[in-house]
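Open your viewer, load the model and keep the selection panel at hand. We will go from the whole chain to single residues, one stop at a time.

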Amino acid sequence: MNAKKTTRATTPATKTTTPAKKTAAAKTAAKKAPAKKTPAPAKKAAATKKAATKKATATKTTAATKKAAATKKVAAAKKLPATAPQESRTALVRRARRINRELAEVYSYAHPELDFENPFELLVATVLSAQTTDLRVNQTTPRLFAKYPTPEDLAAAVPEEVEELIRPTGFFRAKTKSIMGLAKALRDDFGGEVPGRIEDLVKLPGVGRKTAFVVLGNAFGVPGITVDTHFGRLVRRWKWTEETDPEKVETAVAALFPKSEWTMLSHRVIFHGRRICHSRKPACGACPIAPLCPSYGEGETDPEKAKKLLKYEMGGLPGQRLKPPPDYPGKPAPPLAAG
Ligand code: SF4
């Protein structure tokens with residue numbers, strides 16, 4: 001009985017110690033448990049994220065600041081006196097003529113960039129120069145003129161043979177039709193001679209006003225303005241005119257200069273367009289007429305970077321003519337096989 005009593009008495013005591021032990025163990029486990037340490041990497045990740053966001057914001061701010069500074073620079077560059085929105089007619093004429101004088105000094109050797117020996121060769125070469133470079137035409141015409149030196153020879157040619165010879169200039173089928181057509185017209189209507197009047201020249205197949213003025217100005221000494229892609233782009237950059245139609249550009253520019261300047265002005269402007277004032281990357285930082293140009297800053301203004309954009313003799317490279325005039329300061333262009 002006594003023993004039973006003792007057992008009964010001790011049993012509840014044992015029961016009460018179990019939860020206490022459990023609590024202590026739990027406390028110890030809680031102290032030791034590595035699971036409770038997980039907030040450390042989480043904290044680290046959060047810190048990294050915060051740092052990345054900070055960095056991104058800083059990068060964004062730097063880029064934005066740089067962009068703003070560049071925009072400001074271009075805007076400042078554009079605020080040259082030449083941008084005067086209300087330029088008077090007299091001021092425009094003066095500025096245009098000053099640009100022409102500056103260009104005359106820079107390009108004292110300006111000339112047509114097609115090789116030719118007579119009006120017929122210049123006429124054919126000019127027709128061939130559509131949609132290609134003068135260099136490519138100059139590399140192509142020596143063989144053509146060696147085989148067909150006169151309008152009569154070209155008029156009597158086998159079209160497929162002409163096509164093969166002028167293939168490097170592109171659009172060779174259409175161009176063959178044009179040059180053979182004009183050779184026939186010269187033979188049949190003008191006694192085998194190139195006429196020296198604009199109204200006759202524009203009647204020839206494939207001959208527009210631009211071609212006619214090139215021939216008149218350079219083979220006959222008749223003053224003319226040649227509005228090609230370079231000429232149109234530059235005179236609009238200089239705010240000489242807003243016109244885009246070549247004939248209107250021609251009229252507007254002609255009114256700013258005496259007739260005697262027209263032909264050489266055309267060469268100088270085209271030289272400048274090909275060497276410095278390019279369509280997509282004008283080399284403003286290396287441009288001698290920058291102080292007179294309302295579009296300064298449209299291209300590269302850093303002098304060193306701009307210098308690298310210069311072409312032909314300005315960039316120390318060969319020119320477009322295989323037979324340039326004696327005063328040309330650059331190297332002659334290479335023939336087709338070597339080019
Ligand atoms: S290169 Fe620049 S500064 Fe020179 S004419 Fe062209 S746009 Fe004007």
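The tour below starts with the overall picture and then moves from stop to stop.

**Before you start**

This is a predicted model, in which local features need pLDDT of at least 70 and side-chain atom pairs count only at pLDDT 80 or more, while totals for chains, interfaces and linings use all residues. Residue numbers run from 1 along each chain as its sequence is written.

**Stop 1: the whole protein**

Show everything as a cartoon. You will find 14 helices and 0 strands; helices (H or I, at least four residues) and strands (E, at least two) are DSSP runs, numbered from the N terminus. Of the 339 residues, 32% count as buried. Here a residue is buried if 20 or more other C-beta atoms lie within 10 Å of its own, exposed if 12 or fewer, and partly exposed in between, with C-beta atoms placed from the backbone. Among contacts with a separation of 6 or more, 56% join residues 24 or more positions apart; two residues are in contact if their C-beta atoms, placed from the backbone, lie within 7 Å.

**Stop 2: helix H4**

Now select residues 119-128, which form helix H4. Because 8 of its 10 residues are buried, H4 is largely enclosed by the rest of the structure. Colour Phe120, Leu122, Leu123, Val124, Ala125, Thr126, Val127 and Leu128 to see the buried ones. Then add their packing partners: helices H5 (134-147), H6 (151-155), H7 (159-166), H8 (172-189) and H10 (209-219).

**Stop 3: where H3 meets H13**

Next, select H3 (residues 89-106) and H13 (262-275). At what angle do the axes of H3 and H13 cross? They cross at roughly 75 degrees and come within 10 Å; axes are lines fitted to C-alpha atoms, for helices over the stretch in contact, and angles run from 0 to 180 degrees between N-to-C directions. That makes H3 roughly perpendicular to H13, a label for angles of 65 to 115 degrees, with under 35 roughly parallel, over 145 roughly antiparallel and the rest oblique. Show side chains for Asn100, Leu103 and Ala104 of H3, and for Leu265, Arg268 and His272 of H13, which make the contact. By class, this contact has 3 nonpolar, 2 polar and 1 charged residues. Ala, Val, Leu, Ile, Met, Phe, Trp, Tyr, Cys and Pro count as nonpolar, Asp, Glu, Lys and Arg as charged, and the others, Gly among them, as polar.

**Stop 4: four cysteines and the ligand**

Follow H13 onward and select Cys277, Cys284, Cys287 and Cys293, listed by UniProt as "binding site" in an unreviewed entry. Although spread over 17 residues of sequence, these cysteines cluster in space, with a largest C-alpha distance of 10.9 Å. Such annotations may be inferred rather than shown by experiment.

Zoom in on Cys284, in the loop between H13 and helix H14 (303-307). Cys284 is buried, with 23 other C-beta atoms within 10 Å. Leaving aside neighbours within four places in sequence, its contacts include Ala290, Tyr296 and Ala306. Cys287 lies in the loop between H13 and H14 too, and with 23 other C-beta atoms within 10 Å it is buried. Beyond four places in sequence, Cys287 touches Ile276, Cys277 and Cys293.

Now display the ligand. Of the 14 residues around it, Cys277, Pro282, Cys284, Cys287 and Cys293 come nearest. The shell divides into 10 nonpolar, 2 polar and 2 charged residues.

**Stop 5: two backbone details**

Finish with Lys239, in the loop between H11 (229-237) and H12 (246-254). Its phi is near 60 degrees, a positive value in a residue other than glycine. Then pick Tyr312, in the segment after H14, with a positive phi of about 50 degrees.

Definitions and conventions
Near = placed C-beta within 6 Å.
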